[in-house]
Amino acid sequence: MEKLSRYTLMFIAIFVLSIVVPQLYWTAFEVPAKTPFVQYSCVNHDFLIYRPGEKKWQDTKGNEYTRDEYEQRLPLFFFKQLYTSGTLPDSVNNQPLDMRSLSREKSFFRLKTADIDAPKNNLFPMFESRSGRAMLEWPDDFFRITWRIEFIDAATNKILEEKSQMFSAAMFHNGFVFPAKNIWGISSPKKSVDEGYFIVDSRDQLFHLKMVKGKPFVRKIDLPAGLKFRHIDCVDFKNRTFYAYLFSEKNEIYILTQDDYKLMRWPVNGYNPEITDIKIYGDLYNYTVIMESPGEVKAVVLDKNYQYVDSYTETWPVREDTKVGKIFTSVFPAQISLTSDTSKFVSFYFNLSGGFYWLVLNFFLVILQLIWLYWKKKIFRNHVADLVIVSVCGVFGMIAVHLFPNKFYK
Amino acid sequence: MLLSVFYKEWLKTRWFVILYTAMGIVAIGYIFMALKHSFNFSGTRSIWSTILFQGNQFYKIFKFIPLAGGIIVAIAQYLPEANDKRIKLTFHLPLGENKALMVMQAFGALSLLVAFFVFLGLIYFLGLIYFPVQMVWDIVLTVLPWSVSGLSAYSIVSFIILEPRWPFRFLYSIVGGLFLSFHFVHAGTACYGPALSGLFLMSLLLITAPLSSGYRFRKG
Amino acid sequence: MNNAIECNNLTHYYGSKRIVENLNFQVKEGTILGLLGKNGTGKTTVFNILNGFLRPTDGKCLIFGEDTQCLSPATKSRIGFLIEGHVQYSFMNVKQIEKFYSGFYPKWKPGSFWEIVKKLDVSKNQKISTMSWGQRSQVALGIILAQDPDLLILDDFSMGLDPGYRRLFVDHLREYAKSENKTIFTTSHIIQDMERLIDDVLIIDFNKVMVQSSVSDFLSNFKRFDFELENDDVELDNETLIVNIEKVRNKVELYTYSSERDIRNYLAERSVTPINFSQVTMNLEDAFIGLTRKY
């Protein structure tokens, strides 16, 4: 039993060291890789790249620009700055520019991997879509969907039966099969208009639900066979062209057009929700999809009809391939983190060092341990398990073995 | 015989356990009293929305209560044993030394679990008065890793108190402290789900920790 | 008669410092044996090994045939340990401590406990922590006797006690041991108390047993002769005849296992004429000091 106690303590120590030591190492030595900022210039018909680390503004051919020249070539992005400095052109590509259209068409959307891999809300506010008031107001109740939809009055913590039955019946009559698998919407009154929620039922059918003058509005959206969504992010863009960006389980990107509910797939490949943060910039002429993954940025430009225009990809060494990273992988067998940039969950994120160079160090540590056993005149067979631990866990195992000395033998 | 060991542990810890549990209950009572106050002054709907969408943890004063409990019970149980090496009296008893230590550990762990069960039960049932069950479960999921930290802290502090060598006590305190900090990583509501079972399993395994220092104590 | 305690080739080092080396001794059942030795000769080490709180570098000790490093609960129930300083669980009161210990020993005799404890001027609800050292020692004695052990191992039973309590200990222990043929293995820094209690003595010195015999045999065999010298320059050193000699100017204390005649003959051979030659009757303490030297 004492051996179990010792091995438990050693395991905990190795666990702690695998988290803390690498963290300290990166804090001390990591050099940040500054992601280039990529935008599509409708003036150059090319991508422009701003490199924050070097403070350089370039195009894809390597031509450098000053900051002002750069901003001039992105009038749809920097229109407010150009307007302020009096350098906003009257037109671009023979098309006149006005502040109102520029402002209406400008949109920005961002989705991080951690936004997807996060705890799900189970209660939502159902705003009144047509209150007649200038600003949206918080309702006094919140809804959840289990075997039916239930509205719970916050003040009393009781179910509003009439409202719940009314909405449940409406959903049922529209073919909704309870319970809901996912509910997506903008749960804040800080939006120009309320468009309710998009809900996936237990049969992976997609519905649009909102409240109009106190009554339920339910619309079933036809989906191609087999299409399932990993994530739907509702948007509140001034141009009100579509309700949401939809991300399928096959990592395709769709939009759902406003009012006619057309599901349109964007010709964008390479999105991996497990490692890719996505930003979508909309302007007067284009949509620019920027996909940032460790060591890579990919930009895809679409026109306003969602047709492919151009793309650009740039890579750089990931942290583990830098000099500092190579030293890391030679010394430490693995790293455990409790948090991750790609998730909001606290978990044990285990990262085995690639390359196996750390095995060389482990081998030397085993030799060192053998020398120590010989010097201290220990009996070899009593310490075999310790040697195995050192050979596998390397530096962490070596520390643990000496932190909890092995004296448990007859 | 085991009941006699339980009896000894109860004599050492009873007032600490009772007072600690009472204080925990008072703290939870205060949390819900303050919540009601917030409801009255800011409106229930407003508080619900901050809890649901802005990560408001109105119960955060509970965060370190289980940890404190683990430390208090460990000190109450093992400091009298370490003083003048009185644990030798238990080791002399006609009972296996490891069995005696495990029974002592079982007592401490059980009293803590009972206290935590009371706390979680109170939070759950008082929560249900004010919130739907989905929100209450999120609260419980958030509070659970803090409770697990109490169980781990108990075993770690017991182990350190029994450890006879001061330099190692210092090192173990550092490792133990770092391990406990893993239960309080800055995260949103109900984010500990995946790590919780692992941490709980480790806290159960750690109950055996004092056997190691007890063995070193015995062998000189 | 079986051995209650046996130590075979006992060796222990603290780092590179030798404490005991190849020490061998036995304690037969039914004996009351006292362990004596100068400071640093390993008495505490031997007790710690017997108590199971120290693993020897080499060799082993057995109690009732079992290795002291892993005594079974059944064997432990036959042993009454007294820890140096009469250490007890001071958070308990008298009633609680009796209730606690009684749960472990099937042969528990509450009468033995209360008989001793009622001599104390304390209530049943008085905490051990509020008692004087002497009162605590009495509680400790009561617990040991109530266990009805076959072997008592007492580490310095007289520590911190005034003469009254020391006498109480000795009287009770001796009566207990003699009436029920129990074995006692003890040490004390107050040798007069030991002499009242023990029948046999074991005197150790690092790696050897200097004496293991009955006290009476030891005291009759080991003698002290006092005399004065005419000439205080004379060196007297015969390791066969003389165990120890203390000489202050011309006054000599000579310790030996030899007879008076052998000593006188030796002195005559050395042309030494002793003045005021006499044999001095020694108690155990005198004999111990004579055997092991003052310094």
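Two residues are in contact if their C-beta atoms, placed from the backbone, lie within 7 Å. With that cut-off, 37 residues of chain A meet 39 residues of chain B. The model is predicted. Its scores are ipTM 0.94 and pTM 0.89.

Start with the A–B interface. There are 2 pairs of chains in contact, and chains A and B share the most contacts. On the chain A side, helix H1 (2-29) and strand E9 (141-145) each supply at least two residues. H1(A) gives the most, with 10 residues. By class, the side of chain A that touches chain B holds 22 nonpolar, 9 polar and 6 charged residues.

Chain B also meets chain C. Here 20 residues of chain B are in contact with 22 residues of chain C. Two elements of chain C give two or more residues to this side: helix H2 (73-76) and helix H3 (94-102). H2(C) gives the most, with 3 residues. The side of chain C that touches chain B divides into 13 nonpolar, 7 polar and 2 charged residues. What about chains A and C? They do not touch, and their nearest C-alpha atoms are 9 Å apart.

Now look inside chain A. The chain is divided into domain 1 (2-31 + 323-403), domain 2 (37-105) and domain 3 (108-315). Domain 1 of chain A is thus written as two segments, 2-31 and 323-403. The centres of domain 1 of chain A and domain 2 of chain A are separated by 50 Å, taken over C-alpha atoms.

Chain C comes next. Its mean pLDDT is 87, and 99% of its residues reach 70 or more. Chain C has 10 helices and 14 strands. Its C-alpha atoms fill a box of roughly 70 × 45 × 35 Å along the principal axes. Of the 295 residues in chain C, 41% are buried. Take the contacts in chain C between residues at least 6 apart in sequence: 69% of these join residues at least 24 apart.

Chain C splits into domain 1 (3-215) and domain 2 (222-292). Over C-alpha atoms, the centres of these two domains of chain C lie 36 Å apart. Their contact takes 12 residues from domain 1 of chain C and 6 residues from domain 2 of chain C. Which elements line the domain 1 side? Helix H7 (191-197), strand E9 (200-205) and strand E10 (208-214) of chain C each supply at least two residues. H7(C) gives the most, with 4 residues. That side of domain 1 of chain C has 8 nonpolar, 1 polar and 3 charged residues.

Last, the core. The largest nonpolar core has 233 residues. Those with the most contacts inside this core are A:Ala13, A:Ala244, A:Val289, A:Ala299, A:Ala400 and C:Val201. Helix H6 (residues 133-162) of chain B gives the most to the core, with 15 residues. Pick out A:Val289. Which residues does A:Val289 contact, leaving aside its neighbours within four places in sequence? They are A:Val268, A:Ile278, A:Ile280, A:Ala299 and A:Val300. A:Ala299 also appears among the residues with the most contacts inside the core.

Technical notes: Residues are numbered from 1 along each chain as its sequence is written. Chains are lettered from A and ligands numbered from 1 in the order in which they are written. This is a predicted model: local features need pLDDT of at least 70, side-chain atom pairs count only at pLDDT 80 or more; totals for chains, interfaces and linings use all residues. pLDDT is the predictor's confidence in each residue, from 0 to 100. Domain bounds come from an automatic or database domain assignment. Ala, Val, Leu, Ile, Met, Phe, Trp, Tyr, Cys and Pro count as nonpolar, Asp, Glu, Lys and Arg as charged, and the others, Gly among them, as polar. A nonpolar core is a set of buried Ala, Val, Leu, Ile, Met, Phe, Trp, Tyr and Cys residues joined through C-beta atoms within 7 Å. A residue is buried if 20 or more other C-beta atoms lie within 10 Å of its own, exposed if 12 or fewer, and partly exposed in between; C-beta atoms are placed from the backbone.
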